[in-house]
Structure formats: C-alpha cells, structure tokens
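Got the structure open in your viewer? Here is a short tour, with a selection to make at each stop.

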Amino acid sequence: MKFLILLICLGFGYLVNAQEVSYNNETYNIKKEQIYMGKVDVTDTLAPEDKAAIMSIFTKKMKDIEEAEKVAEQIKKAEDEQKKAEKEQRKAEKQQKKTEKLLKQKQKAQSNYDKAGQKHKDAIKKYEKLKHKRKLSPVDEEKWLEKIEKLKEKEEKAKIKLDRS
C-alpha cells in the first residue's frame, strides 16, 4: 500500500514538470500552458482546434492525477485509522487482561479467607467437643489452643489480603 502511494507521488512529480500528451500519433510536452514538440515550442504553429484537443487531453490527465492523489490520500487516512483502531483494541485487550487478573486475585483471596475461617471454626468445634467429653489432657489442651490461635491469625491475614484486593 505504501509502495502504491509512493509510486503515485513520484508519478505526479514527474507529470507536473512536463506532461506528455499523445495526439494524432505525435507526442507533445506541456509546460505552463506552452505546448512543445521535443524541445521546440509549437504553441503558435498549431491550429486552434489542435491546441484545444491537446489541452483537453492534458486537462483530463491532470484530473486523473488529482483523483489518484485523492484516492492515495484516502487510502493513507484509512490505514492511519486502521492502525489507530488496532492500537485501541490492543489497549482494551490489555485492560481486560488486567481486570481479569485482578478478579482472579480477588476470588483467590476470598477462597483463602473462606477456607481459613472454616478451618478455624472446625478447630474450635472439635476442641469444644473434646473438652466437653473430657478427653483432653492439659498438654493436649495447650496444643489445641495454640492451633486455634494460629488458625485465627491465618484467618486475619487472609481477611487483610481480601480487603487489599
């Protein structure tokens, strides 16, 4: 696509300097309203209808060049817009990934908090059950209380992580 634009621009530059026009199997060069055959100015020697025909061919070619330039410009604008849209899409995808990552972190933190809370409740329940049945020695009771305290700390840490996310 860029090659096409470059080609059109170079062609236009060449054509603006000296436009070749074929008329009646003769090639004429037109520069600033002057008609040349080779390097000789033949503007005054041509018949008025020949001048008019050559100038109309020249005008048609110039319009074609202008249209080609407009098309090239539109293509360039379309390419720029496409690049911009792709950039916006990449940005949106990046934001979506970031959001998904944060959501997963929050879900994991919630899951960890729920598990820690459940373990803490289960440990208290089992401790109370063993204490009620009088199956705990003083050493066992101390171990259970330490275990319950550790589980409580884990639950509190999980709560803090959940609040941060």
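What volume does the largest pocket have? In this predicted model, the largest pocket comes out at about 340 Å³.

**Stop 1: the pocket**

Select N112, A116, K154, A158 and K161: of the 13 residues that line the largest pocket, these lie nearest its centre. Now colour α2 (48-132) and α3 (138-164), the elements that give two or more residues to that lining. The biggest share comes from α2, with seven residues. If you colour the pocket lining by residue type, you should count six charged, three polar and four nonpolar residues.

**Stop 2: the whole chain**

Zoom out and switch to cartoon. You will find three helices and four strands, and reading along the sequence gives α-β-β-β-β-α-α. Of the 165 residues in the chain, 21% are buried. Among contacts with a separation of 6 or more, 53% are between residues 24 or more positions apart.

**Stop 3: the sheet**

Hide the helices for a moment and look at the strands. They make an open sheet of four, in the order β1-β2-β3-β4, with antiparallel pairing. Why do β1 and β4 (40-41) each have a side without a neighbour? Both stand at the edges of the sheet with a single partner strand, so one side of each is left free of a neighbour there. Bring the helices back and you will see α2 packing on the sheet, where it touches β1, β2 and β3 (34-37). The direction of α2 makes about 130° with that of β1.

**Stop 4: strand β1 and its partner**

Select residues 19-23, which is β1, and show the side chains. Which of them are buried? Q19, V21 and Y23 point to one face and are buried, while E20 and S22 point to the other and are not. That fits a general habit: in a regular strand, side chains alternate between the two faces of the sheet.

Next add β2, residues 26-31, which runs antiparallel to β1 and is joined to it by five bridges. Two pairs are handy for checking the register: V21 stands opposite Y28, and E20 has N29 as its bridge partner.

**Stop 5: N29**

Stay on N29 in strand β2. Is N29 buried or exposed? Its relative accessibility is 17%, and the cut-off for buried is under 20%, so N29 counts as buried. Show everything it touches: leaving out neighbours within four places in sequence, the contacts of N29 are Q19, E20, Q34, I35, Y36 and G38. Of these, Y36 is the residue opposite N29 in β3.

From here you can step across the sheet. β2 and β3 run antiparallel and are joined by three bridges. β3 and β4 also pair in the antiparallel sense, over two bridges, and Y36 stands opposite D41 in β4.

**Stop 6: the turns**

Now follow the hairpins and check phi. Most residues other than glycine have a negative phi, which makes positive values handy to look for.

- N24: in the hairpin of β1 and β2, with two residues between the strands, N24 takes a positive phi near 50°.
- K32: this residue lies in the loop between β2 and β3, and has a positive phi of about 50° although it is not a glycine. At 79% relative accessibility, K32 counts as exposed.
- G38: the hairpin of β3 and β4 has two residues between the strands, and G38 in the turn has a positive phi of about 75°.

One more sits away from the sheet. Select R134 in the loop between α2 and α3: it is not a glycine, yet its phi is positive at about 60°. With 76% relative accessibility, R134 counts as exposed.

**Stop 7: F58**

Finish in helix α2, at F58. This residue is buried, with a relative accessible area of 16%. Which residues does F58 touch, not counting those up to four places away in sequence? They are Q19, V21 and I30. For a last distance check, pick the C-alpha atoms of F58 and Y28: the two residues are 30 apart in sequence and 9.9 Å apart in space.

Conventions: Residues numbered from 1 in each chain as written. Predicted model: local features only at pLDDT ≥ 70, side-chain atom pairs only at ≥ 80, totals over all residues. Heavy atoms only, no water. Buried < 20%, exposed > 50% of the residue type's maximum accessible area, 1.4 Å probe, protein only. Pairing = 2+ DSSP bridges. 1 Å grid on protein atoms, 1.4 Å probe; cavity = no way out; pocket = protein on both sides within 12 Å on 5 of 7 lines; lining within 4 Å. Points joined across faces, edges and corners; volume = space filled by probe spheres on them. Nonpolar A, V, L, I, M, F, W, Y, C, P; charged D, E, K, R; others polar. Contact = heavy atoms within 4.5 Å. Axes fitted to C-alpha atoms, helices over the stretch in contact; angles between N-to-C directions.
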